[in-house]
Amino acid sequence: MRAVGRALTVAALLAGCGAGPVENEEPDTSTPPQIAYTAYGGLLGVTLYLVVDSATTTTRVHCTTPRIRGEGGDCRLTPERTVPLTTARLRSLFGTTTSGAFRRARSMYDLSPAAVDGPMYELKITRNGTTRTIAWSRSTDLDQPVRDFVVDVLGTAGILTN
């Protein structure tokens, strides 16, 4: 019995080593599974906050700049809205966050002001009792899995920037 216990311990350790730690991921048992995206600042005073909420299968959007458009129209006319999601879409988004490429991507990128005082961005992914924060100021610096995911999240929320 002792040998079996040792074998299971070694197997668990090897499996854990394969996964490795994820940069900027911390325990969080108080926040329900969600994806929160924030863009703020810059010369235009951009504020965009959206939450993909697993509990309600919706994306809640709050924006304050007329340059951000999407389902529901211009932010001046509809600063807050809710976009329904299918369960399959929700699973797809959260599934992306568990892929090896996404989990190996950096969490901190260039945080200096963009060329013309551009906005700052933050993505918080809460799932399985952890929250991972990814922050940046220039989207061109993002690793491809993170860039693709951000585009996917914005598209899910019906957001287009013009």
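**Exercise 1.** In which strand does R127 lie, and which salt bridge or polar contact does its side chain have?

*Solution.* Start with the strand: R127 lies in β7, where a strand is a DSSP run of E with at least two residues, numbered from the N terminus. This is a predicted model, in which local features need pLDDT of at least 70, side-chain atom pairs count only at pLDDT 80 or more, and totals for chains, interfaces and linings use all residues. Residues are numbered from 1 along each chain as its sequence is written, and side-chain values use heavy atoms, leaving out hydrogens and water.

Next, the charge. R127 is buried (under 20% relative accessible area, 1.4 Å probe, protein chains only). R127 has no salt bridge, a term that needs a side-chain nitrogen of Lys or Arg within 4 Å of a carboxyl oxygen of Asp or Glu. E25, the nearest side chain of opposite charge, is 4.6 Å away.

Finally, the side chain of R127 makes a polar contact with that of T97 at 3.2 Å; such a contact is a donor–acceptor pair of N or O atoms within 3.5 Å.

**Exercise 2.** Which residues form one aromatic cluster with Y37, and how are the ring pairs arranged?

*Solution.* Rings pair if their centres lie within 6.5 Å; planes under 30 degrees apart are stacked, over 60 edge-to-face, and the rest tilted. The structure holds four aromatic pairs. For Y37 and Y121, the centres are 6.4 Å apart and the planes at 35 degrees, so this pair is tilted. Y37 lies in β2 and Y121 in β7, so the pair ties together parts 84 residues apart in sequence.

For Y37 and W136, 6.3 Å and 50 degrees again give a tilted pair. Together, Y37, Y121 and W136 form the cluster.

Definitions and conventions:
Rings of Phe, Tyr and Trp (its six-membered ring) pair if their centres lie within 6.5 Å; planes under 30 degrees apart count as stacked, over 60 as edge-to-face and the rest as tilted. Helices (H or I, at least four residues) and strands (E, at least two) are DSSP runs, numbered from the N terminus. Buried means under 20% relative accessible area, exposed over 50%, partly exposed in between (1.4 Å probe, protein chains only). Lys and Arg count as positive and Asp and Glu as negative; His and the chain ends are not counted.
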